Amino acid sequence: MTSHKEGHIPYQLPRYSDEEMQGRLDAMYAHLDQRRSVRTFSSDPVPMEVLHQAVRIAGTAPSGAHKQPWTFCIVTDPDLRKRIRAAVEEEEHRSYSERMSERWLEDLAPLATDHIKPFIEEAPALIIVFRRIHETDADTGQRHPNYYVQESCGIAVGLLLAALHEAGLAALTHTPSPMNFLGDLLQRPDNERAFLNIPVGWPANGTTVPNLSRKTLDEICINYPPEDKNSQN
Ligand code: IYR
């Protein structure tokens, strides 16, 4: 018998057979394995309600002490995107020409990126994610730090990317660095820090992506105790 904690409510999950679990995850893997970062977008507008639902899905992420330390700004305004692009390209130009190491530039070469970012204006929407480093008590004005903000926002963005892919939309996790200017341009409060810029839309006609491969299960997963490779299971 499980103990009942004050204010808690009952919770259950469906219990699938082994075959059902495997089948469900095989299908999910095949689908998510098709997700790719895209840097060239059609300008066709995406229904706002689809983006809102994707953000709701992101908001189901677990977070430190359930503080939900995230804000998702959906930017479709052309003038604002023009200003964001100008600021992004200024920072990215400095990054590519001064801040990034030779090794970093070499590592990026297969992605064929540079400081020019047309996708900021071409994609129909940007979802700019902010991490909330603290909350302010409305009565006392006291600041209370949030917990595991980086981890919480990372998980939420993972769910957001999966949701957008589920809707057949492409996205890019774009990381201009530094990106404080995004808080200024979007007039975010001083407890918020820009986390990621995520252009969203359909891939433009003729879009290509680098021919990447993913690490195998053996490369990313270790069993304790080691799996007996000779076992019949
Ligand atoms: N923010 C730059 C550089 C960049 C860095 C990494 I690490 C990438 O995986 C991709 C790009 C840009 O967006 O071009």
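Reader: Which residues is Ile 127 in contact with, leaving aside its neighbours within four places in sequence?

Author: Quick caveat: this is a predicted model, where local features need pLDDT of at least 70, side-chain atom pairs count only at pLDDT 80 or more, and totals for chains, interfaces and linings use all residues. Residues are numbered from 1 along each chain as its sequence is written, and side-chain values use heavy atoms, with hydrogens and water left out. Taking contact as heavy atoms within 4.5 Å, Ile 127 touches Leu 51, Val 55, Phe 72, Cys 73, Ile 74, Leu 160, Leu 196, Asn 197, Ile 198 and Val 200.

Reader: Which element gives the largest share of the largest nonpolar core?

Author: A nonpolar core is a set of buried (under 20% relative accessible area, 1.4 Å probe, protein chains only) Ala, Val, Leu, Ile, Met, Phe, Trp, Tyr and Cys residues joined through side-chain atoms within 4.5 Å. This one has 25 residues, and Ile 127 and Leu 160 are among those touching the most other members. H2, E1, E2, H6 and E6 each give two or more residues. The largest share, 8 residues, comes from H6.

Reader: At what angle do H2 and H6 pack?

Author: Axes are lines fitted to C-alpha atoms, for helices over the stretch in contact, and angles run from 0 to 180 degrees between N-to-C directions. The axes of H2 (residues 48-58) and H6 (residues 149-166) lie 7 Å apart, and the angle is about 145°.

Reader: Is Leu 25 buried or exposed?

Author: Leu 25 sits in helix H1 (residues 18-32). Exposed means over 50% relative accessible area. Because its relative accessibility is 54%, Leu 25 counts as exposed.

Terms used. Helices (H or I, at least four residues) and strands (E, at least two) are DSSP runs, numbered from the N terminus.
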